[in-house]
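Please work through the exercises below with the sequence and the model open side by side. Each task is followed by a solution that goes step by step.

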Amino acid sequence: MIKNRLLQTYESWVQACQFGFKPKKSTSQTIFIARRLMDISEGTGTNLIYITITLLDWKMAFDKVDQQKILQVLRGLQVPPRLSQAITHIYDSPQFRLSAGHTEFEYLFQRSGIRQGCTLSPYLFVLLMAAMFSDIKARLNTPKQREPIEGIQYPEVLYNDDTLIFGNYTISTYY
């Protein structure tokens with residue numbers, strides 16, 4: 001229910017290039033975009049245009065998310081207090097314990113990471129990534145950054161904790 005309310009209100013704020021944890025989005029779309037960029041690169045005219053694709057895998061991203069940063073993003077988005085409080089309670093002092101066979105260990109606090117098996121947590125991760133890229137773009141607001149490849153409306157594709165960053169450079173045939 002909380003995720004659906006967030007989706008209704010904040011989906012337009014999340015980048016169109018986010019393909020993970022979103023309705024009607026899939027890995028096949030990200031693969032198509034990357035393949036299409038390679039086609040563009042191969043079919044260039046007189047100057048050689050090289051399209052660069054940088055692949056980033058945010059190592060252990062789901063496990064390392066600072067839960068306070070998620071709550072900070074929600075405050076920045078001005079999520080209504082009741083909804084924000086419900087999410088805060090989910091992440092307020094979460095505990096877990098390990099068990100092996102018949103032995104159960106003491107409870108430990110989970111201080112980072114998103115909840116495994118929770119349908120809300122991946123979408124909170126998407127909101128956090130959207131905030132991070134929004135901050136990056138605000139600082140690097142250049143024409144090349146806004147549209148690095150003619151006709152491509154975004155410089156990156158996000159899927160879960162993986163990112164493709166696009167760019168290009170031209171090598172003149174004149175030396």
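The exercises move from the overall fold to helices, their packing and a few single residues.

The model is a predicted one, in which local features need pLDDT of at least 70 and side-chain atom pairs count only at pLDDT 80 or more, whereas totals for chains, interfaces and linings use all residues. Residues are numbered from 1 along each chain as its sequence is written, and side-chain values use heavy atoms, with hydrogens and water left out.

**Exercise 1. The overall fold**

Task: State how many helices and strands the protein has, and give the pattern that they follow along the sequence.

Solution: Begin with the elements, where helices (H or I, at least four residues) and strands (E, at least two) are DSSP runs numbered from the N terminus. The protein has seven helices and seven strands, and reading along the sequence gives α-α-β-α-α-α-β-β-β-β-α-α-β-β. Next, take burial, where buried means under 20% relative accessible area, exposed over 50% and partly exposed in between, with a 1.4 Å probe and protein chains only. Of the 175 residues, 34% count as buried. Finally, turn to contacts, meaning heavy atoms within 4.5 Å; among those between residues at least 6 apart in sequence, 67% join residues at least 24 apart.

**Exercise 2. The two sides of helix 4**

Task: Identify the buried residues of helix 4, and determine which helices they pack against.

Solution: Helix 4 spans residues 67-76, and its buried residues are Gln67, Ile70, Leu71, Val73 and Leu74. Viewed down the axis of helix 4, these buried residues fall within an arc of 155°, so they line one face of the helix; the arc is that of the directions from the helix axis to the C-beta atoms. As a rule, an α-helix has 3.6 residues a turn, so residues three or four places apart point the same way. The face of helix 4 turned away from the buried side carries the exposed residues Arg75 and Gly76. The buried residues of helix 4 pack against helix 5 (81-91) and helix 6 (120-139).

The ends of helix 4 complete the picture. At its start, a side-chain oxygen of Asp66 reaches to within 2.9 Å of the backbone nitrogen of Gln68. Beyond the helix, Gln78 lies in the loop between helix 4 and helix 5, and its phi is near 55°, a positive value in a residue other than glycine. Gln78 is exposed, with a relative accessible area of 66%.

**Exercise 3. The two sides of helix 5**

Task: Identify the buried residues of helix 5, and find which exposed residues its opposite face carries.

Solution: The buried residues of helix 5 are Leu83, Ser84, Ile87 and Tyr91. Seen down the axis of helix 5, they fall within an arc of 95°, so they line one face of that helix. The face turned away from this buried side carries Pro81, Arg82 and His89, which are exposed. The buried residues of helix 5 pack against helix 1 (2-10), helix 4 and helix 6. Ser93 follows helix 5 and has a positive phi, near 55°.

**Exercise 4. Packing against helix 6**

Task: Describe how helix 4 and helix 5 are each placed relative to helix 6.

Solution: Axes here are lines fitted to C-alpha atoms, for helices over the stretch in contact, and angles run from 0 to 180 degrees between N-to-C directions. The axes of helix 4 and helix 6 come within 10 Å and cross at roughly 70°. Helix 4 and helix 6 are therefore roughly perpendicular to each other, given that angles under 35 degrees count as roughly parallel, over 145 as roughly antiparallel, 65 to 115 as roughly perpendicular and the rest as oblique. Lys69, Ile70, Val73 and Leu74 of helix 4 meet Leu124, Leu127, Leu128 and Ala131 of helix 6.

Helix 5 and helix 6 pack at an angle of about 110°, with their axes 12 Å apart, and they are therefore roughly perpendicular to each other. Ile87, Ile90 and Tyr91 of helix 5 make this contact with Leu120, Ser121 and Leu124 of helix 6.

**Exercise 5. A residue within helix 6**

Task: Decide whether Ser121 is buried or exposed, and list which residues it touches.

Solution: Ser121 is found in helix 6, and at 0% relative accessibility it counts as buried. Leaving out residues up to four places away in sequence, Ser121 touches Tyr91, Ile114 and Arg115.

Terms used:
A polar contact is a pair of N or O atoms within 3.5 Å; within protein, one must be able to donate a hydrogen and the other to accept it, and residues adjacent in sequence count only if both atoms are side-chain atoms.
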